[in-house]
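Thanks, everyone. I'll put the structure up and then go through a few points of helix geometry and packing.

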There are 4 protein chains.
Amino acid sequence: MIELGANRYGKAAIRLVKVTRDPDRHHVRDLTVAVALEGDFRAAHTEGDNANVIATDTMKNTVYAFAADHLDGPAETFGAIVAGHFLEMPQVERATVSLREHRWTPIPTDGGPSRDAFLRSGDFTRTASATAVRAGPTVVEAGIEDLTVMKTARSGFAGFPRDRYTTLPEVDDRIMASRVSATWRYGSADLDWDALFDGVRGTLLDVLADHVSPSVQSSIWIMGRAILERHAAVEEVRMALPNLHHWAVDLTPFGLDNRGEIFVATTEPHGLIEATVRRSAG
Amino acid sequence: MIELGANRYGKAAIRLVKVTRDPDRHHVRDLTVAVALEGDFRAAHTEGDNANVIATDTMKNTVYAFAADHLDGPAETFGAIVAGHFLEMPQVERATVSLREHRWTPIPTDGGPSRDAFLRSGDFTRTASATAVRAGPTVVEAGIEDLTVMKTARSGFAGFPRDRYTTLPEVDDRIMASRVSATWRYGSADLDWDALFDGVRGTLLDVLADHVSPSVQSSIWIMGRAILERHAAVEEVRMALPNLHHWAVDLTPFGLDNRGEIFVATTEPHGLIEATVRRSAG
Amino acid sequence: MIELGANRYGKAAIRLVKVTRDPDRHHVRDLTVAVALEGDFRAAHTEGDNANVIATDTMKNTVYAFAADHLDGPAETFGAIVAGHFLEMPQVERATVSLREHRWTPIPTDGGPSRDAFLRSGDFTRTASATAVRAGPTVVEAGIEDLTVMKTARSGFAGFPRDRYTTLPEVDDRIMASRVSATWRYGSADLDWDALFDGVRGTLLDVLADHVSPSVQSSIWIMGRAILERHAAVEEVRMALPNLHHWAVDLTPFGLDNRGEIFVATTEPHGLIEATVRRSAG
Amino acid sequence: MIELGANRYGKAAIRLVKVTRDPDRHHVRDLTVAVALEGDFRAAHTEGDNANVIATDTMKNTVYAFAADHLDGPAETFGAIVAGHFLEMPQVERATVSLREHRWTPIPTDGGPSRDAFLRSGDFTRTASATAVRAGPTVVEAGIEDLTVMKTARSGFAGFPRDRYTTLPEVDDRIMASRVSATWRYGSADLDWDALFDGVRGTLLDVLADHVSPSVQSSIWIMGRAILERHAAVEEVRMALPNLHHWAVDLTPFGLDNRGEIFVATTEPHGLIEATVRRSAG
């Protein structure tokens, strides 16, 4: 017998810009939105019956229409409203709205911050998601992506096992560079999302800068634990850190010493360390 | 209390090319390999103790060294051997080796296929993975990515519910285009991987071309079911199909009819339909 | 004094798909089109006067409208017709239409090639451009991009000068890999473009496979010269070949020899060799 | 007769990171460098004679070795030194070193800016190039890339000609968004590059924010002219501005008005406006 297993569908890469035109200055919101639904969609697959299939084009329209009335606060709130809307349809059992927010800041001019001209900031992307389910509150997560960081001191890697394939020397001082992705789950669906995001991001960067790293694994634990310790609203943090190796260039053929100064930055291959840090039941 | 949850680590984007120099012709294997390990790595996180941490650099070395002796057959076999090697280390509970194979074909020349010059084929990427675990046989999966397809007939989308946000007209004839990703799990760890891959790919393309599609959901089911029906070695197929919309251009302002001829190809936004088709226990 | 220098403008990334529905089989044309105009656009810049500025939106509409009636042959012909249209406007002195053609082939099925289902081929992208000017015939160019090739024999690099910064050993046998870009200019605006493209591509691949390469520079010359020798319609060939280095992996730490078998494929850094080969006036 | 035309070669994508470890804080320089040479390289092409061919691997080594001693100031200065080195070789007639600088800023922590942890800033990429030639001074250019900007007011597009393919309405208020690329040439090879870069960038942003734009063409002129007026060291500015269209979403089917609030951001197709603004000989 052949059966349908897990399935979901939706619309991805919905590019939404909202401009709010206050008298003294404009505000720009720029989001890439994805909607994904799970529920009673078996007949669409196995019978070719679309009676339950909310068109993904309708999802896109819904996002734009809801943005007009409901996108005046954090992405988390907007996501929860849109997810809640789709859950009103009886065939939907789980609705997830994922948002990536691209940040624009007023252009600095000789006369102060511009009121209607903006610069897109590339330091990081803020992410959020809201998952509405039949039983229980909406699950809200937030995160950060595209946060590229480097520690030029207080990072080493030693004490690891050696076998016949091991050539890496032990070092007590190396460059650690990564493009951090972090996602954290909140324990409630009604919080001050902007303040929490700023707080968690601040903690992450503060600890990243300050800690001594014996490995990327340890760094994830130290940062994740600090986030949970300092932010009671956060239940769990998931992090994925590529280890973007910077190799010291051998300058001896050129009659030069390389005292930890000259490196070649690489992306292939890279280490990839992933871990979850969470509150335990105990 | 704060605790470590799920975690894994490894090396990604290991770029490996192997050239075999037979007297009458060369052969090129070109793989992007990733290794990921799970196991007893708690102390690395929480204690900064690297005694159990196989360096990801060692993983890279291992892949290259094993390629010399063991990469003479399908990627699945090579992956299983490398995964098995890492499982020999007592701290490892699960070792996954993922491979993406980039295909090179001899350049056609006036004198026949070249013996030592190759053209990289971009029609699709073959994928494979082998997961070795403490209990039970190695799990082998295969797949296909970057397979971009289009149906110019026998695809429609109608009968879907309409609400106040629905503007999409029902159509019995549309263009369906997608960049197919499919992964299938085999029921055994010792099979004729190349023949199976060719067979499953053939079934996928054959059914894709021949079936009448009332929705992408239905297409996934029809293709997945056919793969399971025709290939007893396959236990489960997971597919993800973006719906790359092609919108008919309104030519009436220019005094022209568009009889299903002129389309604008788009990638943003896109539908995204994901489903698993599997053998049921019953 | 401050003045306007060289300037041009247009529409880029116009994504056009045309489906022709013959009774026995469909045909798909898939083009990315760019239009660029030069001419009397000074007032638009310096006076803010748009009276001469054909909107880039109009260019896009024109491409779609012309595709309905005029895209039934090679991209070169379509490009020349569209370029000629824009040159009819008195303010335009030069109109360039550039086209990248994405190739779709019928899906092979158990019953033969499909009549209405297609697979996008990624082996290379065919390019074309037509530049219409006030005086003289339209200049037509064609080209090939994304053609990734590898020679596993008959490629070396030796005899180069050595200075204090030179560490590269001389080799008489190396892997040469590249992602070839070639553009060639035709001597007439009315030729059998499809046959010529196939011919030039065939020559390029044939010579690439067959020649002995002492350097990428030499390879470009040998391929370019052959194209000009074998195809009288071609006046000039411009080629750009990145040298995608494949470095032999040192396996001696693992007790293994690497007899030209195991390589790491790299993209950063890469050599980049560019040259023009042309018919001389003499 | 067939002859060699224009040709050049070099090394691209050299990834260089330099860490300077001052007692009170570290500094990170992160550059992607390309070297390109022109000169007497005919024999390499036509004779397969590499006697004049400085290996691109040697170029890479040279960049790293020179970085140790000479990368302690602006990228322009480093580029000029490296370009000058290659011009010392008699076969080289023109040496161009191009640099893209990726900016890192100290991570803000609770205790102030970190001394050894950095965040990569993505707001823009600073570029520079130095071209050393046999006769005359080295030509230095600087530029900015990846600068993504948006004007939500004071931008319109009207007064353009209408033909049968024109459907775009005239608007006196639209969103103008672009990913600005600008390159400017200096009149001297010995200037305060960092101050000049900051100054030109400041002017570009200031004018971008403040001016009223009747077209992208006009915006380029206004910004370019201001750069030349305010910065006597700059001889010429070349700019390329894609017009990243933001289309107002029609919300009327949903019973809503869209008063310039809700937009769909697009990248395909896009306008592309390029122009040079320069000092005239007169």
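I'll start with helix α5 of chain C, residues 216–230; keep in mind that this is a predicted model. With 15 residues at 1.5 Å a residue, α5(C) should span 21 Å, and its end C-alpha atoms are 21 Å apart, so the two agree.

How much of α5(C) is covered? Mostly covered is the answer: twelve of the 15 residues are buried. The run from the start of the helix is C:V216, C:Q217, C:S218, C:S219, C:I220, C:W221, C:I222, C:M223 and C:G224, and C:A226, C:I227 and C:L228 are buried as well.

What do those buried residues pack against? Within chain C, the partners are β8 (176–186), α4 (193–210), β9 (234–243) and β12 (270–279). Chain D also takes part, through β1 (2–21) and α1 (42–46).

Next, a helix pair in chain C: α2, residues 56–70, and α3, residues 75–87. Their axes are 11 Å apart, and they pack at an angle of about 130 degrees. Angles from 115 up to 145 degrees count as oblique, so α2(C) and α3(C) are oblique to each other. The crossing of α2(C) past α3(C) is right-handed.

On the α2(C) side, the residues in this contact are C:T62, C:V63, C:F66 and C:H70; they meet C:F78, C:I81, C:V82 and C:H85 of α3(C). By class, that contact has five nonpolar residues, three polar and no charged.

Last, the contact between chains A and C, which takes five residues from each chain. On the chain A side, three are nonpolar, one is polar and one is charged.

Technical notes. Residues are numbered from 1 along each chain as its sequence is written. Chains are lettered from A and ligands numbered from 1 in the order in which they are written. This is a predicted model: local features need pLDDT of at least 70, side-chain atom pairs count only at pLDDT 80 or more; totals for chains, interfaces and linings use all residues. Helices (H or I, at least four residues) and strands (E, at least two) are DSSP runs, numbered from the N terminus. The expected span of a helix is 1.5 Å times one less than its number of residues. A residue is buried if 20 or more other C-beta atoms lie within 10 Å of its own, exposed if 12 or fewer, and partly exposed in between; C-beta atoms are placed from the backbone. Two residues are in contact if their C-beta atoms, placed from the backbone, lie within 7 Å. Axes are lines fitted to C-alpha atoms, for helices over the stretch in contact, and angles run from 0 to 180 degrees between N-to-C directions. Angles under 35 degrees count as roughly parallel, over 145 as roughly antiparallel, 65 to 115 as roughly perpendicular and the rest as oblique. A crossing is left-handed if the near helix is turned anticlockwise from the far one by less than a right angle, and right-handed if clockwise. Ala, Val, Leu, Ile, Met, Phe, Trp, Tyr, Cys and Pro count as nonpolar, Asp, Glu, Lys and Arg as charged, and the others, Gly among them, as polar.
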